[in-house]
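Colleague: Got a minute? I'd like to go through this structure with you.
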Amino acid sequence: MQLNPAEISDLIKSRIKSFEAVTEARTEGTVVSLMDGIARIHGMSDVMSGEMLEFPGNTFGMALNLERDSVGAVILGPYQHIAEGDTVKCTGRILEVPTGPELLGRVVDALGNPIDGKGPINTKCTSPIEKVAPGVLWRKSVDQPMQTGLKAIDAMVPVGRGQRELIIGDRQTGKTAVAIDAIINQKGTGVKCIYVAIGQKASSVANVVRKLEEHGALAHTIIVAATASDSAALQFIAPYAGCTMGEYFRDLGEDALIVYDDLTKQAWAYRQVALLLRRPPGREAYPGDVFYIHSRLLERAARVNVDYVEKATNGAVKGKTGSLTALPIIETQGGDVSAFVPTNVISITDGQIFLETDLFNAGIRPAINAGLSVSRVGGAAQTKIIKKLGGSVRLDLAQYRELAAFAQFASDLDEVTRKQIERGQRVTELMKQKQYSPLSTAEMGFSLFAANQGLLDDVDVKKIVDFEAALHSYINANCVELVKRLNDTADYNDEIAGQMRSAVEKFKSTSTW
Amino acid sequence: MAENTTIARPYAEAVFKLAQEQGDLKGWSDKLQLVSTVIAAPEMAAFIGNPKVSKEQLAQLILDICGNQFDATGKNLVTLLVENGRIGVVAEIFALYELCRAEAEGSVEAEAISAMPLTDDQQKAITAALTRRLGRNVELVCKVDESLLGGAIIRTGDLVIDGSAASRLTQLAKAMLP
């Protein structure tokens, strides 16, 4: 690109014009010791907890430990150029990140700086990373669905807007895949998404970004990345930074979805910072407030009422409710959900999606354990059609699990038991779904309808997946009106049931799979 | 440094209370200053913490150097500090003692660093402004640092009021290169 000299001098001129040198009155301190990204600072008698500190060389830190004669601070970023005896200035501000719609489609670090090489982000507002969650008076109960596009989740563990639903499982069980599918499914719904990557490989983050881009989901998504090579302090603050960016949309009366991938690593990063700050270790060497770091973070995901939005926007937005839905991810070690951090987060969230290695290896993907996965509030937010048709899925699977052990004696079993086993096998097959292919409400409705009404009973178990794919392409081609009606209203009544039945029966009589 | 301050605080508070009881704030200040100067002397480093020099010898040595300016309580303080192995923090004790003293006397020391020597009127104006802001009697100490180019920096305790040309230029540089 050819540089235009006039442009540059204009730019400089405007910068000089708008520059206002102010005489600053700030308190200062000196670095007493520095190790592993932690600085002990002498002085700064009026520093606040969580305040942004200015180190030499345009480096910033955050004051975490306020002791009688010293301040313990973490340095955000590289600290090799800082030396003992350097001056540290207070800024009088709690750590802030940029917020706003300009961040959509971008990849930023934990401080909101762009790291995707697409140039600077001209955001208009900044906001503190630590904010208190809205109180009881400002909340509204969850009653709108946040569709993930995954049959198994939307039918059995529905997520509502403003809910916190934990995704928990061992490594390599498809936790991220579930979250990414949920983000992709928000395309065109107006729901803004934030994906916070904590302590992951930079290559994994790049993969996620590429996949989102391929499926046209990057335009409504902000990616906050604190990769494994970033300092523990950045990994610790990344979820709060992402949450602040999501709250911006919530407070404007819009809906947002945030994925924390994953909070186990954030707890590890916090453990490192806390131990280096010489805070006393507790269970599993985590500091005493490891519950609070997650509870205060997840409490900020909420559905807020009309009054709150009106107050937050100073009356600019009236009559709209906002929501921030959180999908935190926790990685367990060897399926142990009774470890410290998993139990904490399970107790904070409104339900969990439990993914299992055995199911994953058996080819059931998403590998959701239907027995252990629950959603405590999502039922109120399900669409009518999914609620009506999906209700039996859980029951079928539960009955099947009890009888599955007898499946090999099929010939000796009575008729009822055999029917239940066959239904269970078909529903299990039907719950399988490919990655990056979220379903619309109508497609999901037809699949569940077929299982519910016994229309799958004469289909071979091995052919269920093919049958479903063929059914979806058939209804999308031949029942356009019904599909549109279902997608728009998600209604269900006898008339719709009749239309659906005739469509499926016609499909079965005319098509092959 | 921070740890030393923590160690020095009880000593400084004890000395200050004693001085208040005796009504001799200035005298104790002189004594502490003298001891800290003696301790800071490079020759003394060989004796402090040397296992071959017993504590009694070290205490006697310090008292000998300080001469006969010390009364019984002053001697006791030096012996106590040596006994407890804390003679090394006497400089911090002195600094904290001075803070307590300034607090009690309602005065505060301020340092004005300017690019050019300040005139008497300027000094008066700064002193008056600081007195208003801090609500204390300000003792102004003036210094000249040509690298500031213009303006002045005023320092009192942790508070720094930076109105120097050098820092404005740094701010401008930051604003130009975001």
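Modeller: Sure, let's take the confidence scores, then the chain contact, then the details.

Colleague: Where do the coordinates come from, and what are ipTM and pTM?

Modeller: This is a predicted model. It scores ipTM 0.78 and pTM 0.89.

Colleague: And what is the mean pLDDT of chain B?

Modeller: Chain B has a mean pLDDT of 87. Of its residues, 98% reach 70 or more.

Colleague: Now the contact between the chains. How many residues come from each chain?

Modeller: Chain A puts in 21 residues and chain B puts in 16 residues. On the chain A side, helix 1 (5-18), strand 1 (24-35) and strand 2 (38-43) each supply at least two residues.

Colleague: Which of those gives the most?

Modeller: Strand 1 of chain A, with seven residues. As for character, the chain A side divides into six nonpolar, eight polar and seven charged residues.

Colleague: What does strand 1 of chain A pair with in chain B?

Modeller: Strand 4 of chain B, residues 159-162. The two strands are antiparallel, with four bridges. Within that pairing, Arg26(A) is opposite Val160(B).

Colleague: Follow strand 4 of chain B back into its own chain. Which strand does it join there?

Modeller: Strand 3 of chain B, again antiparallel, through four bridges. One facing pair is Thr156(B) and Leu159(B). Strands 3 and 4 of chain B form a hairpin with two residues between them.

Colleague: What is phi of Gly157(B) in that turn?

Modeller: Positive, at about 60 degrees.

Colleague: Strand 3 of chain B also joins strand 1 of chain B. Parallel or antiparallel?

Modeller: Antiparallel. Strand 1 (residues 107-114) and strand 3 (residues 152-156) of chain B share four bridges. There, Glu111(B) has Arg155(B) as its bridge partner.

Colleague: Back to chain A, then. How do helix 13 and helix 14 of chain A pack?

Modeller: Helix 13 (residues 441-452) and helix 14 (residues 464-478) of chain A meet at about 130 degrees, with their axes 10 Å apart. They are therefore oblique to each other. The crossing is right-handed.

Colleague: Which residues make that contact?

Modeller: From helix 13 of chain A, Ala442(A), Glu443(A), Phe446(A), Ser447(A) and Ala450(A). From helix 14 of chain A, Glu468(A), Leu471(A), His472(A) and Ile475(A). That set splits into five nonpolar, two polar and two charged.

Colleague: And helix 7 with helix 9 in chain A, at what angle?

Modeller: About 30 degrees, with the axes 10 Å apart. So helix 7 of chain A is roughly parallel to helix 9 of chain A. Their crossing is right-handed.

Colleague: Which residues meet there?

Modeller: Val290(A), Phe291(A), His294(A), Ser295(A) and Leu298(A) of helix 7 meet Asn344(A), Val345(A) and Ile348(A) of helix 9. They come out as five nonpolar, three polar and no charged.

Colleague: Change of topic: backbone oddities. Where are cis peptide bonds found?

Modeller: One runs from Asp261(A) to Asp262(A), with omega near -5 degrees. Asp262(A) sits in the loop between strand 13 (255-261) and helix 6 (263-276) of chain A. Another joins Arg365(A) and Pro366(A), with omega about 0 degrees. Pro366(A) is in the loop between helix 10 (357-361) and strand 17 (374-375) of chain A.

Colleague: Last one: is phi of Asp36(A) positive or negative?

Modeller: Positive, near 50 degrees, in a residue other than glycine. Asp36(A) lies in the loop between strand 1 and strand 2 of chain A.

Technical notes: Residues numbered from 1 in each chain as written. Chains lettered and ligands numbered in written order. Predicted model: local features only at pLDDT ≥ 70, side-chain atom pairs only at ≥ 80, totals over all residues. Contact = placed C-beta atoms within 7 Å. Nonpolar A, V, L, I, M, F, W, Y, C, P; charged D, E, K, R; others polar. Pairing = 2+ DSSP bridges. Axes fitted to C-alpha atoms, helices over the stretch in contact; angles between N-to-C directions. Parallel < 35°, antiparallel > 145°, perpendicular 65-115°, else oblique. Left-handed = near helix turned anticlockwise from the far one by under 90°. pLDDT = per-residue confidence, 0-100.
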